[in-house]
Amino acid sequence: SFSQFMIDATHLSLSQAGLVFDSRSGDSYQINDSAGLIIKLLQSHKSAEDVSETLAKTYNLNKEQALL
């Protein structure tokens, strides 16, 4: 189930400017605020359930919308 899904984001470095550096691949990405929040939550070892709940509260979504 989705609630058991975990992503290892420890290899990602996030800047305040919204840039992400992937130390495994060497790739860099520009991300939006919601993606930055997700990365921070995953780096704090939050579950997918916790991430979806935080997204729902932060962006005024229902839980199903936050899972998409």
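Here are some short exercises on the structure above, each with a worked solution.

This is a predicted model, in which local features need pLDDT of at least 70, side-chain atom pairs count only at pLDDT 80 or more, and totals for chains, interfaces and linings use all residues. Residues are numbered from 1 along each chain as its sequence is written, and side-chain values use heavy atoms, with hydrogens and water left out.

**Exercise 1. Find the order of the helices and strands along the chain.**

Solution. Start with the terms: helices (H or I, at least four residues) and strands (E, at least two) are DSSP runs, numbered from the N terminus. Next, take stock of the elements: the chain has three helices and three strands. Now walk from the N terminus, and you will read β-β-β-α-α-α.

**Exercise 2. Work out what share of the chain is buried and how much surface is accessible.**

Solution. Begin with the cut-offs: a residue is buried under 20% relative accessible area, exposed over 50%, and partly exposed in between (1.4 Å probe, protein chains only). With these, 24% of the 68 residues count as buried. Then turn to the surface, for which areas come from the Shrake-Rupley method with a 1.4 Å probe, and for residues only the protein chains shown count as cover. The accessible surface of the chain is about 4800 Å², and carbon and sulfur atoms hold 51% of this.

**Exercise 3. List the residues of the largest nonpolar core and the elements that give two or more of them.**

Solution. A nonpolar core is a set of buried Ala, Val, Leu, Ile, Met, Phe, Trp, Tyr and Cys residues joined through side-chain atoms within 4.5 Å. The largest one here has 10 residues: A9, L12, V20, I39, L41, L42, V51, L55, A56 and A66. Two elements give two or more residues to this core, α1 (33–43) and α2 (48–58). In soluble globular proteins, nonpolar side chains tend to be buried together. Finally, look at V51: leaving aside neighbours within four places in sequence, V51 is in contact (heavy atoms within 4.5 Å) with I38, L41, L42 and K46.

**Exercise 4. Describe how α1 and α2 cross, and say which residues make the contact.**

Solution. First, the geometry: the axes come within 10 Å and cross at roughly 145 degrees. Axes are lines fitted to C-alpha atoms, for helices over the stretch in contact, and angles run from 0 to 180 degrees between N-to-C directions. Second, the residues: α1 brings S34, L37, I38, L41 and L42, while α2 brings V51, T54, L55 and T58. Third, sort these by class to get six nonpolar, three polar and no charged residues. For this sorting, Ala, Val, Leu, Ile, Met, Phe, Trp, Tyr, Cys and Pro count as nonpolar, Asp, Glu, Lys and Arg as charged, and the others, Gly among them, as polar.

**Exercise 5. Place H45 and N60 in the chain, and decide whether each is buried or exposed.**

Solution. H45 lies in the loop between α1 and α2, and has a positive phi of about 60 degrees although not a glycine. H45 counts as exposed because its relative accessibility is 61%. N60 is in the loop between α2 and α3 (63–67), with a positive phi near 55 degrees. N60 is exposed too, at 70% relative accessibility.

**Exercise 6. Is S52 buried or exposed, and what does it touch?**

Solution. S52 sits in helix α2. Its relative accessible area is 2%, so S52 is buried. Not counting residues up to four places away in sequence, S52 touches K63, A66 and L67.
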